[in-house]
Amino acid sequence: MPQFAEICSWNFRNYHLIPTAKGGTDDEDNLWLACRLCNSYKGTQTHGRDPVTGRRIRLFNPRHQKWSRHFTWSEDSAQIIGKTICGRATVIALQLNNIIAVMVRREWVAVGWHPPKIE
Ligand SMILES: [Zn+2]
């Protein structure tokens, strides 16, 4: 188990990928390590819209997809950049570059805690 949230790298706990309200189960396959902020932005969403193509696409699933294939850090490591349709839609849907996250990442960079080594 990674010691960081699987998308934004913050403190985490397990949340449902497909919400139980939409029929999701408690199987490990349906849980993701997320921070409270990401999970609150995700809400019951399972899909998002790519801001470039306008296509609706399933959100990034850390259980089955590789972070580095869909995301990268900005040059100052404060922002998450979507590299694929899925990555871009997830950045928007989960507001991964919300002002609080970006502020905290800048502080973490300053003390050497960030960016994490994400496979
Ligand atoms: Zn998060």
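A residue counts as buried here when its relative accessible area is under 20%, as exposed when that value is over 50%, and as partly exposed in between. With that cut-off in mind, and bearing in mind that this is a predicted model, begin at Phe-60.

**Stop one: the aromatic rings.** Select Phe-60, whose relative accessibility of 3% falls under the 20% limit, so that the residue counts as buried. Then add Phe-71, which also counts as buried, at 1% relative accessibility. The structure holds four aromatic pairs, and one of them is formed by Phe-60 and Phe-71, whose rings stand edge-to-face, 5.0 Å from centre to centre and with 85° between the planes. Phe-60 sits in the loop that runs between β4 (56-58) and α2 (67-70), while Phe-71 belongs to strand β5 (residues 71-73), so this pair ties together parts that are 11 residues apart in sequence. If you now extend the selection to Trp-67 and Trp-73, you will have on screen a cluster in which ring pairs link Phe-60, Trp-67, Phe-71 and Trp-73.

**Stop two: His-70.** Keep Phe-60 displayed and select His-70, which has its place in helix α2 and touches Phe-60 among other residues. His-70 has a relative accessible area of 10%, which is under 20%, and is therefore buried. Show the side chain of Thr-84 as well, since a polar contact of 2.7 Å joins the side chains of His-70 and Thr-84. Leaving aside residues up to four places away in sequence, the contacts of His-70 also include Gln-65, Ile-81, Gly-82, Lys-83, Cys-86 and Gly-87.

**Stop three: helix α3.** Two of those contacts of His-70, Cys-86 and Gly-87, lead into α3, where they are listed among the buried residues. Colour the rest of that buried set, namely Ala-89, Thr-90, Val-91 and Ala-93, and then bring up the elements around the helix. What covers the buried residues of α3 includes the helices α1 (36-42) and α2, together with the strands β3 (47-49), β4, β5 and β6.

**Stop four: backbone angles.** Follow the chain just past α3 to Gln-95, which takes a positive phi of about 45° although Gln-95 is not a glycine. Gln-95 is found in the loop between α3 (85-93) and α4, and with a relative accessible area of 39% Gln-95 is partly exposed. For a second case, select Ser-77, another residue that is not a glycine and yet has a positive phi, here of about 65°. Ser-77 lies in the loop between β5 and β6 (80-82), and at 11% relative accessibility Ser-77 counts as buried. Then move to His-114 and Pro-115, which are joined by a cis peptide bond with omega at about 5°; Pro-115 lies in the segment that comes after α4 (99-111).

**Last stop: the largest pocket.** Which residues lie closest to the centre of the largest pocket? Select Leu-17, Ile-18, Arg-58, Leu-59 and Asn-61, which are the closest to its centre of the 15 residues that line the pocket. About 210 Å³ of space lies in this pocket, and the residues of its lining divide into seven nonpolar, five polar and three charged.

Key. Residues are numbered from 1 along each chain as its sequence is written. This is a predicted model: local features need pLDDT of at least 70, side-chain atom pairs count only at pLDDT 80 or more; totals for chains, interfaces and linings use all residues. Side-chain values use heavy atoms; hydrogens and water are left out. Rings of Phe, Tyr and Trp (its six-membered ring) pair if their centres lie within 6.5 Å; planes under 30 degrees apart count as stacked, over 60 as edge-to-face and the rest as tilted. Helices (H or I, at least four residues) and strands (E, at least two) are DSSP runs, numbered from the N terminus. Buried means under 20% relative accessible area, exposed over 50%, partly exposed in between (1.4 Å probe, protein chains only). On a 1 Å grid over the protein atoms alone, a cavity is a set of points where a 1.4 Å probe fits but cannot get out, and a pocket is an open set with protein on both sides within 12 Å along at least five of seven lines; lining residues have an atom within 4 Å of a point. Grid points are joined across faces, edges and corners, and a volume is the space filled by probe spheres set on the points. Ala, Val, Leu, Ile, Met, Phe, Trp, Tyr, Cys and Pro count as nonpolar, Asp, Glu, Lys and Arg as charged, and the others, Gly among them, as polar. A polar contact is a pair of N or O atoms within 3.5 Å; within protein, one must be able to donate a hydrogen and the other to accept it, and residues adjacent in sequence count only if both atoms are side-chain atoms. Contact means heavy atoms within 4.5 Å.
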